[in-house]
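Hello! Here is the structure I promised to pass on to you. Have a look at it first, and then read on for what turned up in it.

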Amino acid sequence: MYYGNIKKTDIADGLGVRVSLFVSGCTNHCRHCFQPETWDFHYGKPFTAETEEELIKALSPSYINGLSLLGGEPFEPDNQRALLPFVRRVRTAFPGKDVWCYTGFTLEKDLLAQDGRAHCEATGELLSLIDVLVDGRFEEEKKSVALKFRGSSNQRLIDLRATLKEGHIVLLDI
C-alpha cells in the first residue's frame, strides 16, 4: 500500500485533534474529488514499518483523540489488507482513542454484502475496529459547507460500533 499524506494534528477529519493517514488508490473516481491524485495506487510513498512507527509515535500524546483513515480509498481490498494489521496495533496500543474512516463505498451495499464491490476477507474485522464510518461517494450537487465532517449530504456519519451491535444503521449525532 502507498499513502499520499500524513497529518499529525488534524482537526478537520473527525472529532478532536487527530492523526490522519491518507492512503493511495481509489476506483470510485468521484466527480470533483478534492484529491484525484490519490486515485493512483502508487501515488506518494510506500506504507512501511517505519511509516507505522511514525504514526504510532504521532498517536501517543494525550491530546490526540484518535486516528482518521482517508484516501484515496481505505476500503479498496488491497488497502484493507494492509490497514488491518496496523489498525489492530493502534487499537491495542491506544484503547482509549477512536478510529474514524472515510469511504466512498456504502456500508450495506459495498462493505457488508458478501458480493459487495469492496468486500474481502479483511472487511469484517476492519469494520469491527472502526468507531465512526463516513460512507458514500462525494456528490457535487449535494455539496454543503454546513455539513460536519463530510462534503455532501448523501454521506453519512455512522456510529459503526452501535450499528454492528444493533444490526441497523445508527447515525452519529453531532
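R89 and E53 join their side chains in a salt bridge, with N and O 2.7 Å apart. This pair links distant parts of the chain, since R89 sits in helix α2 and E53 in helix α1, 36 residues apart. Please keep in mind as you read that this is a predicted model.

R89 has a second partner too: the side chains of E52 and R89 meet in a salt bridge at 3.0 Å, N to O. E52 belongs to helix α1 (residues 49-59) and R89 to helix α2, so this pair ties together parts that are 37 residues apart in sequence. Put together, E52, E53 and R89 form a network of salt bridges.

How covered are the members of this network? E52 has a relative accessibility of 18%, and because the cut-off for buried is under 20%, E52 counts as buried. R89 is partly exposed, at 29% relative accessible area, and E53 is also partly exposed, at 42%.

How many salt bridges are there in the whole structure? A search finds 12. Another one of them is formed by R156 and E108, whose closest N and O atoms are 2.5 Å apart. R156 lies in strand β7 (residues 156-159) and E108 in helix α3, so the pair ties together parts 48 residues apart in sequence. R156 counts as partly exposed, with 22% relative accessibility, and E108 counts as partly exposed as well, with 38%.

Now for a charged residue that behaves otherwise. K97 is buried yet has no salt bridge. Where is the nearest side chain of opposite charge to K97? That side chain belongs to D98, and it is 8.7 Å away. K97 does have a polar partner, though: a polar atom of its side chain lies 3.0 Å from the backbone oxygen of L59. You can find K97 in the loop between α2 and β5. Leaving out residues up to four places away in sequence, K97 touches several others, among them L59, P61, I64, R91 and D131.

Next, take a look at the strands. Strand β4 (residues 64-70) is mostly covered, with 6 of its 7 residues buried. Strand β2 (residues 17-23) runs parallel to β4, and 6 bridges join the two; here V19 stands opposite L67. Strand β5 (residues 98-102) also runs parallel to β4, joined to it by 4 bridges. In that pairing, S68 of β4 stands opposite W100 of β5. Between these two strands the chain passes through helix α2 (residues 77-93), and this β-α-β crossover from β4 to β5 is right-handed. A handy thing to remember while you turn the model: in a regular strand, side chains alternate between the two faces of the sheet.

One last stop is T103, in the loop between β5 and α3 (107-112). Is T103 buried or exposed? It is buried, with a relative accessible area of 4%. The side chain of T103 reaches the backbone nitrogen of F105 at 3.0 Å. Setting aside neighbours within four places in sequence, T103 is in contact with E73, F75, L111, L133, V134, D135 and G136.

Enjoy exploring, and write back with any questions!

Technical notes. Residues are numbered from 1 along each chain as its sequence is written. This is a predicted model: local features need pLDDT of at least 70, side-chain atom pairs count only at pLDDT 80 or more; totals for chains, interfaces and linings use all residues. Side-chain values use heavy atoms; hydrogens and water are left out. Buried means under 20% relative accessible area, exposed over 50%, partly exposed in between (1.4 Å probe, protein chains only). Two strands pair if DSSP finds at least two bridges between them. A crossover is right-handed if, with the strands pointing away from the viewer, the path from the first strand over the helix to the second runs clockwise. A polar contact is a pair of N or O atoms within 3.5 Å; within protein, one must be able to donate a hydrogen and the other to accept it, and residues adjacent in sequence count only if both atoms are side-chain atoms. Contact means heavy atoms within 4.5 Å. Lys and Arg count as positive and Asp and Glu as negative; His and the chain ends are not counted. A salt bridge is a side-chain nitrogen of Lys or Arg within 4 Å of a carboxyl oxygen of Asp or Glu.
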